Amino acid sequence: MAGHSHWKNIKRKKAVIDARRGQAWSKIARLIMIAAKRGSNPDDNLALRFAIDKARAVNMPNDTIDKAVKKGSGEMGSVNFDSVLYEGYGPGGVAILVDALTDNRNRTAGEVRMIFDKHNGNVAGANAVGWMFAKKGVINIEKSKIDEDKLMELALDAGAEDVVTSEEGYEVTTAFQDFEKVRQALLAAKIELASADLAMIPSQSVAISGENAEKLHKIIDGLEANDDVQNVYNNAELPE
């Protein structure tokens, strides 16, 4: 989110994954299947490597990962999921992007719309809010894992755009095309990463609080609980 670190989002997502581990595995399996359509070797398929890294981060069993790769590559029958991006507004004019993988666009569109409507949000047309977001690499590292000056030198030399320090840790931001290069440079330096992922980062933020913040959380919770939804992004700036 614009305006503050992603550490709160990491903690929140971890709690959601812990509570819904089976659902998290199902969502990542879809991501692996989609990526594997481009090739079953993660060394040659960056999208598949990212998806498998996500699976391992939530302790998905290797045989489940292998099955998803085989399904996606056609070795175990065909799988047809479409990648769909929904856009909308939440309470207080917050911009929301919903990244989904679905085998039934009509069903997913109806469910997404119902979640928005239930909590004073509304679904918008294509690029209504998408223009505010850019795909970036975001890498988070705990402070105890590395000295700030050393991290700054390593990350910027590898091509990172920025390194921000907060009470909770460091956040390294990269351009989309430089994400893997920076990630690999940090791993090669034996730095343990708290998280490393591609995300849609907003260029501007909207400050909300009180009832609007509560309704926004309900929209996000409802969307993230949907089996078809992979990620939910927004440009809310919430009070500490």
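A nonpolar core is a set of buried Ala, Val, Leu, Ile, Met, Phe, Trp, Tyr and Cys residues joined through side-chain atoms within 4.5 Å. Keep that in mind for this predicted model. In its largest core, 20 residues come together. Those with the most contacts inside the core are Ile96, Val98, Phe116, Ile208, Leu216 and Leu223.

Which elements give two or more residues to this core? Three are strands: E1 (82–89), E2 (95–102) and E9 (229–234). The others are helix H5 (105–118) and helix H8 (210–224). H8 supplies the largest share, 5 residues. Apart from this core lies another, of 19 residues. Ile28, Ala36, Ala55 and Val79 are among them. In soluble globular proteins, nonpolar side chains tend to be buried together.

Look next at Ile208, one of the residues with the most contacts inside the largest core. Leaving aside residues up to four places away in sequence, Ile208 touches Pro91, Gly92 and Val94. Ile208 also touches Ala213 and Leu216. Its list of contacts is completed by Ala236, Glu237, Leu238 and Pro239.

Now step back to the whole chain. The protein has 8 helices and 10 strands. Its radius of gyration is 18 Å, close to the 18 Å that the globule rule gives for 240 residues, so the protein is as compact as a globular protein of that length. The C-alpha trace spans about 50 × 50 × 30 Å along its principal axes. Of the 240 residues, 44% count as buried. Consider contacts between residues at least 6 apart in sequence: 70% of them join residues at least 24 apart.

The surface comes next. The protein exposes about 12200 Å², and carbon and sulfur atoms supply 48% of that area. There are 31 positive and 36 negative charges. The mean positions of the two sets are 5 Å apart.

Two residues show how local settings vary. Is Thr173 buried or exposed? Thr173 sits in strand E6 (residues 170–175). Its relative accessible area is 17%. Buried means under 20%, so Thr173 counts as buried. Beyond residues up to four places away in sequence, Thr173 touches Lys136, Gly137, Ala160, Glu161 and Asp162.

Lys145 lies in the loop between strand E4 (133–141) and helix H6 (148–158). At 35% relative accessibility, Lys145 counts as partly exposed. How far is Lys145 from Asn41? The two are 104 residues apart along the chain, and their C-alpha atoms are separated by 31 Å.

How values were computed
Residues are numbered from 1 along each chain as its sequence is written. This is a predicted model: local features need pLDDT of at least 70, side-chain atom pairs count only at pLDDT 80 or more; totals for chains, interfaces and linings use all residues. Side-chain values use heavy atoms; hydrogens and water are left out. Helices (H or I, at least four residues) and strands (E, at least two) are DSSP runs, numbered from the N terminus. The radius of gyration is taken over C-alpha atoms; the globule rule is 2.2 Å times the number of residues to the power 0.38. Buried means under 20% relative accessible area, exposed over 50%, partly exposed in between (1.4 Å probe, protein chains only). Contact means heavy atoms within 4.5 Å. Accessible areas come from the Shrake-Rupley method with a 1.4 Å probe; for residues, only the protein chains shown count as cover. Lys and Arg count as positive and Asp and Glu as negative; His and the chain ends are not counted. The place of a charge is taken as NZ of Lys, CZ of Arg, CG of Asp or CD of Glu.
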